[in-house]
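Please open the structure in your viewer and keep the selection panel at hand. The stops below go from a sheet to a side-chain cluster and then to a pocket.

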Amino acid sequence: DLDADGLDPLVTAIENFYEVDINSINPTVETDEWALDVTGAVLETQTLTFDDLAELPVEHRFETLRCVGDPVDGRKMSTALWTGVPVDALLDRADPAGSRVMVRAVDGYYNEFPLDALRGGLLAYRMNGAALPRKHGAPVRLLVPGHWGEINVKWITEIEVLDREEEGYWEKRGWFGTGTVNTVAKLWTERRLDDGRVRVGGLAYAGTRGVDRVEVSTDGGETWTDARLSDPLPDEDVWRQWLHEFEPTRDRHEVVVRAVEADGTVQPETENTPQPRGASGWASLARAGAMCARC
């Protein structure tokens, strides 16, 4: 982590990890009663209990999740260390013949997306070294690298392979968040330092594309300077912290921030609201004297 007061840590505490659910009360699923079915267009259907899953080879992964309803500078984005079993271990046994999947959960939620996106996924049953909490999908949830949070289904009970495209829960409600997550740089902290300089900072995330750098402008986007970045966590689908200090030289500064992906692609400036495919645009704030206001 970069050493700065007010900057969110690289690994989010479980109690601070964002949460979005379709019901007001989360389901309670007993571990010894849980099972996962792999069905549909497969050569061999499967049913795994929790004990069956726990006997398979385990992986530990840092992974960031971001909600498709998260505004550009919103707070529905978090990172944890997850422990579980690669989904490919189940898919290889099932030998799927379709190109789509429908994933279902205990709470009635369901989501449909390409089978290729599921490849590389994780069936997680631990979070930050502890048993997966109820509110985050205990006993087992799905993680799909690089995609919006809505397809990372909690309380998972079934993976059905499909030979045709269908609508998922949110698609029927006007959202289309089954694609790859949008790149974003969050501007979450702003402080005046004892020496008179101003420090701004936050987190940047680009899914599995990776964040190469974060650029900061203090003149509304006319000129740009590279921010300091935290070292990347050891997995590909993770965010990075950034910090930048500057000397105020005028009565008012407009600070704008944008992320640059590993291949040099700059986060788009075009502003869009979260619905239907996720928010886009650059986070900014205006500074006048000692006061700061979101733009």
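Select Leu36 and then Leu48 in E2, which stand opposite each other; strands here are DSSP runs of E with at least two residues, numbered from the N terminus. This is a predicted model, in which local features need pLDDT of at least 70 and side-chain atom pairs count only at pLDDT 80 or more, while totals for chains, interfaces and linings use all residues. Residues are numbered from 1 along each chain as its sequence is written, and side-chain values use heavy atoms, with hydrogens and water left out.

Now extend the selection to the whole of strand E1 (residues 35-40) and strand E2 (residues 46-49), which run antiparallel and are joined by four bridges; two strands count as paired if DSSP finds at least two bridges between them. Following the chain from E1 to E2 takes you through a hairpin of five residues.

Add strand E10 (residues 156-162) next, which runs parallel to E1 and is joined to E1 by four bridges. Two places help to fix the register: Asp37 is opposite Glu158 in E10, and Thr39 is opposite Glu160 in E10.

With E5 and E6 also displayed, you have an open sheet of five strands in the order E2-E1-E10-E5-E6, and its pairing is mixed. Its edge strands, each pairing on one side only, are E2 and strand E6 (110-114). Between neighbouring strands of this sheet the average turn is 15 degrees, direction ignored, where the axes are lines fitted to C-alpha atoms and angles run from 0 to 180 degrees between N-to-C directions.

Move on to Glu245, which you will find in strand E17 (residues 240-246). Which side chains make polar contacts with the side chain of Glu245? One is that of Arg199, at 3.1 Å, and another is that of Arg228, at 2.9 Å; a polar contact is a pair of N or O atoms within 3.5 Å, one able to donate a hydrogen and the other to accept it. Leaving aside residues up to four places away in sequence, Glu245 touches Leu193, Arg197, Val198, Arg199 and Arg228, with contact meaning heavy atoms within 4.5 Å.

Finally, select Val20, Asp21, Gly149, Glu150 and Trp170, which lie nearest the centre of the largest pocket among its 24 lining residues. A pocket is an open set of points on a 1 Å grid over the protein atoms alone where a 1.4 Å probe fits, with protein on both sides within 12 Å along at least five of seven lines, and lining residues have an atom within 4 Å of a point. The space in this pocket is about 400 Å³, a volume being the space filled by probe spheres set on the points. Colouring the lining by residue class gives 13 nonpolar, four polar and seven charged residues, with Gly counted as polar.
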